[in-house]
Amino acid sequence: MTTKTFKIDGMGCDGCANSLTNVLNAHESINQAKVTFSDKTAEIETSLDDNFIKKMVEEAGFQISEQ
Ligand SMILES: [Cu+2]
């Protein structure tokens, strides 16, 4: 597993960050995810490829702006 950091767009509050954290952590191939609203970042320890993570983030209602 590697840890990757993504910039997340579309979060309006800590609740958004928490819900995205929960969505990501529910996936069996994500070892740990930490989303920080103030930094607009998601730190994800995973073996999943970036496109898959991008899709998960979009399905949760947010976007990855850079990685
Ligand atoms: Cu919110």
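Here is a short chat about a predicted model of a protein.

Visitor: What pattern does the protein follow, read along the sequence?
Guide: Let's start with the parts: the protein has two helices and four strands. Put in sequence order, they give the pattern β-α-β-β-α-β.

Visitor: How does the radius of gyration compare with what the globule rule gives for 67 residues?
Guide: The rule gives 11 Å for 67 residues, and the protein comes out close to that, so it is as compact as a globular protein of that length. Along the principal axes, the C-alpha atoms fill a box of roughly 30 × 20 × 20 Å. The radius of gyration itself is 10 Å.

Visitor: Which elements give two or more residues to the largest nonpolar core?
Guide: That core has 14 residues, and the ones touching the most other members are Ile8, Leu20, Val35, Ala42, Ile44 and Val57. In soluble globular proteins, nonpolar side chains tend to be buried together. The elements you're after are strand S1 (2-9), helix H1 (14-25), strand S2 (30-36), strand S3 (41-46) and helix H2 (50-59).

Visitor: Which residues does Ile44 touch, not counting those up to four places away in sequence?
Guide: Ile44 is one of the core residues that touch the most other members. Leaving out residues up to four places away, its partners are Thr3, Lys4, Phe6, Leu24, Ile30, Ala33 and Ile53.

Visitor: Are the buried residues of H2 on the same side or on opposite sides of the helix?
Guide: The buried residues of H2 are Ile53, Met56 and Val57. They cover an arc of only 100° around the axis, which puts them on the same side of H2.

Visitor: What do the buried residues of H2 pack against, and which exposed residues sit on the face turned away?
Guide: The buried residues pack against S1, H1, S3 and strand S4 (63-66). Turned away from that buried side is a face carrying the exposed residues Asn51, Phe52, Lys55, Glu58 and Glu59.

Visitor: Does Lys40 count as buried, exposed or partly exposed, and why?
Guide: Lys40 lies in the loop between S2 and S3. Its phi is near 55°, a positive value in a residue other than glycine. Buried needs 20 or more C-beta neighbours within 10 Å and exposed needs 12 or fewer. Lys40 has 16 inside 10 Å, so it counts as partly exposed.

Visitor: Where does Gly61 lie, and what is its phi?
Guide: Gly61 comes just after H2. Its phi is positive, at about 105°.

Conventions
Residues are numbered from 1 along each chain as its sequence is written. This is a predicted model: local features need pLDDT of at least 70, side-chain atom pairs count only at pLDDT 80 or more; totals for chains, interfaces and linings use all residues. The radius of gyration is taken over C-alpha atoms; the globule rule is 2.2 Å times the number of residues to the power 0.38. A nonpolar core is a set of buried Ala, Val, Leu, Ile, Met, Phe, Trp, Tyr and Cys residues joined through C-beta atoms within 7 Å. Two residues are in contact if their C-beta atoms, placed from the backbone, lie within 7 Å. The arc is that of the directions from the helix axis to the C-beta atoms.
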